[in-house]
Amino acid sequence: MNQSPPVSAVRIAGLQQTFVVDGVSRHVLDGIDLEIRTGETVCVVGHSGTGKSTLLRCVAGLHRPSGGEVAVAGRAVAGPPEGLAVVFQDYGRSLMPWLRIRENVTLPLRRTLSRQDRNARATEALAAVGLEGVERLYPWQVSGGMQQRVAIARALAYRPQVLLMDEPFASVDAQTRSDLEDLVVRIAAESGLTLMVVTHDIDEAVYLGNRVVVLAGKPARIAADLEVDLPSGRDQLTTKADPEFLRLRGEVMSLIRRETASIAERVSA
Ligand SMILES: Nc1ncnc2c1ncn2[C@@H]1O[C@H](COP(=O)(O)OP(=O)(O)OP(=O)(O)O)[C@@H](O)[C@H]1O
């Protein structure tokens with residue numbers, strides 16, 4: 001049988017991004033080529049200010065690239081693409097405090113689904129993130145970790161094919177962070193979602209990812225694109241003690257350290 005090759009969920013080719021602020025131009029991304037296969041989780045790490053969020057925002061259609069191409073599910077991105085959802089770090093700003101949790105989750109579905117279908121989706125998505133029974137509360141009546149679960153539920157209720165997460169767990173405590181990481185691992189395995197996660201945390205990147213992409217340089221390029229060859233049933237204790245986890249973690253860390261050292265050299269020169 002003649003099968004056509006699967007379309008990449010995300011395809012980035014020759015991406016350039018330059019910002020001009022007060023007449024001063026800053027070249028942030030230089031020729032980024034990246035392909036994310038359907039169902040894959042790709043984590044993007046790099047030094048602070050390297051351009052990780054800029055890359056994610058180009059995929060989300062929130063920045064217009066200065067050059068190159070971005071396509072989601074085979075379609076060129078010219079604005080927020082259909083079938084794509086984003087979870088940002090700051091749940092405090094992404095949830096509407098005057099809406100109950102159920103209404104926050106159903107908000108993006110108002111134009112497309114009946115009230116009954118929206119509510120069914122919300123119930124299902126809130127259950128998927130372990131948040132039953134809080135539908136009628138307001139976001140400020142639940143903990144920070146629960147608010148971030150609501151933000152994830154809202155993204156899931158939309159049933160995206162591609163989910164982008166920008167430092168999604170940076171604002172929660174360490175225990176909540178590992179719970180949310182496990183939640184994402186489970187959702188990715190069960191739903192077949194394609195995930196792109198931007199994170200500062202190297203352990204998190206290796207734990208969540210099928211691949212870890214390291215951005216480095218000014219302007220930034222892809223310094224490494226590493227396959228994570230760890231068993232899929234990941235677990236905070238056994239996976240993080242696996243020799244392959246420790247090897248990859250060390251490799252990513254040394255790439256980022258090398259970048260930090262070269263920044264320090266440039267500053268002192
Ligand atoms: N809209 C914008 N206008 C001008 N400059 C911008 C804009 N967005 C980002 N930048 C600049 O681009 C560079 C990369 O920013 P970006 O937020 O993508 O980095 P990052 O790697 O995500 O950083 P961090 O890890 O600290 O969040 C920074 O120098 C930032 O000031």
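A residue counts as exposed here if 12 or fewer other C-beta atoms lie within 10 Å of its own C-beta atom. With that in hand, welcome to a few close-up views of this predicted model.

**View 1. Ser114 sits in the loop between helix 3 and helix 4.** This loop joins helix 3 (101-106) to helix 4 (115-128). Ser114 has 9 other C-beta atoms within 10 Å, so Ser114 is exposed. Take Arg93 as a reference point: Ser114 and Arg93 are 21 residues apart in sequence, and their C-alpha atoms are 27 Å apart in space.

**View 2. Helix 4 has buried residues along one face.** Let us begin with its length. The 14 residues of helix 4 should span 20 Å at 1.5 Å a residue, and the C-alpha atoms at its ends are indeed 20 Å apart, which agrees. Buried in this helix are Arg118, Arg121, Ala122, Ala125 and Leu126. Seen down the axis of helix 4, the buried residues fall within an arc of 125°, so they line one face of the helix. An α-helix has 3.6 residues a turn, so residues three or four places apart point the same way. On the other side of helix 4 you will find Gln116, Asp117 and Ala127, which are exposed. The cover over the buried residues of helix 4 includes helix 3 and helix 5. After helix 4 comes Gly130, with a positive phi near 70°.

**View 3. Twelve named residues are not a crowd to fear: here is the shell around the ligand.** Around the ligand are Phe19, Val21 and Val28, then Gly46, Ser48, Gly49, Thr50, Gly51, Lys52, Ser53 and Thr54, together with His200. By type, the shell divides into three nonpolar, eight polar and one charged residue. Strand 1 (10-21) and helix 1 (52-59) each supply at least two residues of this shell. Which element gives the most to the shell? Helix 1 does, with three residues.

**View 4. The largest nonpolar core holds 74 residues.** Val59, Leu164, Met196, Val212 and Val252 touch the most other members of this core. Helix 5 (residues 144-157) provides the largest share of the core, seven residues. In soluble globular proteins, nonpolar side chains tend to be buried together.

**View 5. A closer look at the contacts of Val252.** Neighbours within four places in sequence are left aside here. Val252 is then in contact with Val45, Ile202, Ala205, Val206, Val212 and Val214. One of these partners, Val212, is itself among the core residues that touch the most other members.

Definitions and conventions:
Residues are numbered from 1 along each chain as its sequence is written. This is a predicted model: local features need pLDDT of at least 70, side-chain atom pairs count only at pLDDT 80 or more; totals for chains, interfaces and linings use all residues. Helices (H or I, at least four residues) and strands (E, at least two) are DSSP runs, numbered from the N terminus. A residue is buried if 20 or more other C-beta atoms lie within 10 Å of its own, exposed if 12 or fewer, and partly exposed in between; C-beta atoms are placed from the backbone. A residue is near a molecule or strand if its C-beta atom, placed from the backbone, lies within 6 Å of it. Ala, Val, Leu, Ile, Met, Phe, Trp, Tyr, Cys and Pro count as nonpolar, Asp, Glu, Lys and Arg as charged, and the others, Gly among them, as polar. A nonpolar core is a set of buried Ala, Val, Leu, Ile, Met, Phe, Trp, Tyr and Cys residues joined through C-beta atoms within 7 Å. Two residues are in contact if their C-beta atoms, placed from the backbone, lie within 7 Å. The expected span of a helix is 1.5 Å times one less than its number of residues. The arc is that of the directions from the helix axis to the C-beta atoms.
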